[in-house]
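This report describes selected charged residues and helices, and how they are placed in the fold. The sequence and the model are shown first.

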Amino acid sequence: MKVSEILSKDFIIEELNSTDKESAINELIDLFKDDPRIINLEKVKQAVLEREKIMSTGVGKGFAIPHGKTDSVKEIIAAFGRKKDGIDYEALDGNPVDLIFLLVGKDIMISAHIKLLSRISRMMNKDDFRLRLLNAKDSEEIMNVFLEEEKSYLEI
């Protein structure tokens with residue numbers, strides 16, 4: 001499964017309104033408010049925020065991958081948000097986060113969830129990729145950055 005198969009420009013926020021971690025996560029999850037793939041939006045939020053309590057998903061280098069698994073989604077969903085002036089995300093390196101990739105999987109699809117997290121992490125660890133995301137002018141261009149980057153990856 002590719003990142004580009006679960007992310008679309010409709011679930012990309014060019015500039016988040018949020019100024020803190022929890023509201024940024026909620027802002028991304030709220031994109032799915034009327035999505036038929038969601039069974040219970042509050043349970044989705046709860047799953048992601050519960051995972052966040054274990055350890056911050058702000059992994060450093062200005063990006064975070066909030067994620068969770070729940071039976072309140074019918075399939076794996078994803079959203080992406082950007083905050084050019086950064087959010088205090090309690091990141092592991094102590095720096096603000098400006099790129100946030102949300103991933104929520106079905107609780108029985110553990111293998112696909114882990115593989116997608118790994119792929120997202122590998123992509124986001126590349127300095128030039130993060131810079132292209134930061135410099136993209138709109139959600140369509142952000143989506144194209146993901147599509148272009150993923151062309152160099154093998155199928156999972």
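## Basis of the description

Residues are called buried under 20% relative accessible area, exposed over 50%, and partly exposed in between, with a 1.4 Å probe and protein chains only. Helices (H or I, at least four residues) and strands (E, at least two) are DSSP runs, numbered from the N terminus.

The model is predicted: local features need pLDDT of at least 70, side-chain atom pairs count only at pLDDT 80 or more, and totals for chains, interfaces and linings use all residues. Residues are numbered from 1 along each chain as its sequence is written, and side-chain values use heavy atoms, with hydrogens and water left out.

## Salt bridges

Side chains of opposite charge can pair when their charged atoms come close. A salt bridge is taken here as a side-chain nitrogen of Lys or Arg within 4 Å of a carboxyl oxygen of Asp or Glu. The count by this rule is 15 salt bridges. One of them joins K21 to E90, with 3.0 Å between the closest N and O atoms. This pair connects distant parts of the chain, 69 residues apart: K21 belongs to helix α2 (residues 21-29), and E90 to the loop between β5 (77-87) and β6 (97-106). K21 is buried at 12% relative accessible area, whereas E90 is exposed at 56%. The backbone of E90 is also notable in having a positive phi, near 55°, in a residue other than glycine.

A salt bridge at 2.7 Å, N to O, brings together the side chains of K45 and D30. Here too distant parts of the chain are linked, since K45 is in helix α3 (residues 41-54) and D30 in the loop between α2 and α3, 15 residues apart. K45 is buried, its relative accessible area being 11%, and D30 is partly exposed at 34%. E141 and K137 form a further salt bridge at 3.1 Å, N to O; E141 is partly exposed at 28% relative accessibility, while K137 is exposed at 61%. In addition, K126, D128, R132 and E149 are connected in a network of salt bridges.

## A buried lysine without a salt bridge

K106, in strand β6, is buried but has no salt bridge, and the nearest side chain of opposite charge, D107, is 5.1 Å away. Lys and Arg count as positive and Asp and Glu as negative, while His and the chain ends are not counted.

The K106 side chain does reach the backbone oxygen of V73, at 3.3 Å. Such a polar contact is a pair of N or O atoms within 3.5 Å; within protein, one must be able to donate a hydrogen and the other to accept it, and residues adjacent in sequence count only if both atoms are side-chain atoms. Leaving out residues up to four places away in sequence, K106 touches K69, T70, V73, K74, E75 and I76, where contact means heavy atoms within 4.5 Å.

## Helix α3

Helix α3 has 14 residues and extends 21 Å from its first C-alpha to its last, close to the expected 20 Å. The expected span is 1.5 Å times one less than the number of residues in the helix. At the N-terminal end of α3, N40 acts as a cap, with a side-chain oxygen 3.0 Å from the backbone nitrogen of E42.

The buried residues of α3 are L41, V44, K45, A47, V48, L49 and E52. Their cover includes α2, β2 (58-60), β4 (67-70) and β6.

## Helix α6

Helix α6 (residues 139-150) contains twelve residues and reaches 17 Å from first to last C-alpha, close to the 16 Å expected. Its N-terminal end is capped by D138, which places a side-chain oxygen 3.2 Å from the backbone nitrogen of E140.

Buried positions in α6 are S139, I142, M143, V145, F146, E149 and E150. Viewed down the axis of α6, these buried residues fall within an arc of 150°, so they line one face of the helix; the arc is that of the directions from the helix axis to the C-beta atoms. They pack against α1 (3-6), β1 (12-13), β5, β6, α4 (110-124) and α5 (127-135).

## Loop residues K9 and K61

K9 is located in the loop between α1 and β1 and is partly exposed at 42% relative accessible area. Apart from neighbours within four places in sequence, K9 is in contact with S139, E140 and M143.

K61 lies in the loop between β2 and β3 (63-64) and is partly exposed at 45%. Its phi is near 60°, a positive value in a residue other than glycine. Most residues other than glycine have a negative phi.
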